[in-house]
Amino acid sequence: MATTMQEAWNARARADAVFYVESQHAADRDGFFARGEERAVLFLDPVLSRMFGDVSTLHALEIGCGLGRFSRALARRFGGVTAVDVSDEMIARARAANGAFPLIRFRATDGETVPLPTQSVDFAFSYEVFQHMPSHRVIEANLREVGRVLRHGGAALIHVRTGGPWLRALYVLANLIPSSAHAVLKRLRGKRALTSDPTWRGAPPLSRGQIERMCGAAGLRIVELLPDPTHAPGTRAFVVLTPAEA
Ligand SMILES: C[S@@+](CC[C@H](N)C(=O)[O-])C[C@H]1O[C@@H](n2cnc3c(N)ncnc32)[C@H](O)[C@@H]1O
């Protein structure tokens, strides 16, 4: 039976939560949390100032908060933050690590829905999460939730994996090979076995056309598609979105 998103991410949280959120900072917890603020300055602040100006009275949602390094950055800027994650083990660790940030409400989810009322959020944010979602159906479900919870005048900044037809074909092929075979190959390459299944590898990268179609179906309008300065060029993008009718 396929491992569920929750089982897989709970196993990663128990094994080494910092490593599976950001493998480069496994040995440096302070650096790991500092990196959240550094990246917020790099790619979040420019979008917030273009889309809103002052956000100090607004409510932000983070999808896939992990240990909460970006939830902290959001709490330094917004009036309230709801931070959700499919892994209740990750959420427990995030709560323990962020006691100094009482503005953040951490919630575990089913990985497809957001436990907030319709049109209750001003800003939705997600970084290094949609790239791990195991199918385009799960990505579409999450985008629909973003479209549902955003208020008129709200905006979202969603980080997605992108790629051309060859890379997309490679992912389709990789997803045909059983996770047990991937685990053997990973071990041979000195990689961790918990990076062997589709909840780590993720669905095939998205083309621009697929992003436009999925966002349109979710009731969202693309304001900008921005390059990602934190990954190899062309492999990720930030999608800035607003409700389609706004
Ligand atoms: C690589 S970590 C990134 C965490 C955080 N965004 C950061 O950059 O610090 C991916 C996180 O997304 C969560 N996640 C994966 N799939 C998810 C889904 N469908 N819905 C919500 N959270 C998800 C995982 O449990 C994990 O905490």
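What follows is a chat between a trainee and a mentor about a predicted model of one protein chain.

Trainee: Where do I start, and how many helices and strands does the protein chain have?
Mentor: Keep in mind that this is a predicted model, and then begin with the secondary structure, where the protein chain shows 9 helices and 7 strands. The radius of gyration is 17 Å, close to the 18 Å that the globule rule gives for 246 residues, so the chain is as compact as a globular protein of that length.

Trainee: What does the C-alpha trace span along its principal axes?
Mentor: The C-alpha trace of the protein chain spans about 50 × 40 × 30 Å along those axes.

Trainee: And what share of the residues is buried?
Mentor: Of the 246 residues in the protein chain, 52% are buried. As for the accessible surface, it comes to about 10,900 Å², and carbon and sulfur atoms hold 57% of that area.

Trainee: Which contacts should I look at, and what part of them is between residues 24 or more positions apart?
Mentor: If you take the contacts with a separation of 6 or more, 70% of them are between residues that lie 24 or more positions apart.

Trainee: Switching to aromatics, how many aromatic pairs are there?
Mentor: The count comes to 14 aromatic pairs. One of them is Phe70 with Phe125, whose ring centres are 5.3 Å apart with planes at 50°, so this pair is tilted, being neither under 30 degrees nor over 60. Phe70 lies in helix α3 (residues 69-77) and Phe125 in strand β4 (residues 121-126), so the pair ties together parts that are 55 residues apart in sequence.

Trainee: Are those two buried or exposed?
Mentor: Phe70 has 3% relative accessibility and counts as buried, and Phe125, at 0%, counts as buried too, because the cut-off for buried is under 20%.

Trainee: Which residues form the aromatic cluster?
Mentor: One aromatic cluster is formed by Phe43, Phe52, Phe70, Phe78, Phe123, Phe125, Tyr127 and Phe238.

Trainee: New topic: where is Gly79?
Mentor: Gly79 sits in the loop between α3 and β2 (80-85), and with a relative accessible area of 32% Gly79 is partly exposed.

Trainee: What is Gly79 in contact with?
Mentor: If we leave aside its neighbours within four places in sequence, Gly79 is in contact with Val55, Ser56, Thr57, Leu58 and Leu103. For Val55, which is 24 residues away from Gly79 along the chain, the C-alpha atoms of the two residues are separated by 7.3 Å.

Trainee: Last one: how far apart are the mean positions of the positive and negative charges?
Mentor: The protein chain has 30 positive and 24 negative charges, and their mean positions are 4 Å apart.

Conventions: Residues numbered from 1 in each chain as written. Predicted model: local features only at pLDDT ≥ 70, side-chain atom pairs only at ≥ 80, totals over all residues. Heavy atoms only, no water. Helix = DSSP H or I, 4+ residues; strand = E, 2+ residues; numbered from the N terminus. Rg over C-alpha atoms; globule rule 2.2 N^0.38 Å. Buried < 20%, exposed > 50% of the residue type's maximum accessible area, 1.4 Å probe, protein only. Contact = heavy atoms within 4.5 Å. Areas by Shrake-Rupley, 256 points an atom, 1.4 Å probe, with all protein chains shown as cover. Lys, Arg positive; Asp, Glu negative; His and termini not counted. Charge placed at Lys NZ, Arg CZ, Asp CG, Glu CD. Phe/Tyr/Trp six-rings, centres within 6.5 Å; stacked < 30°, edge-to-face > 60°.
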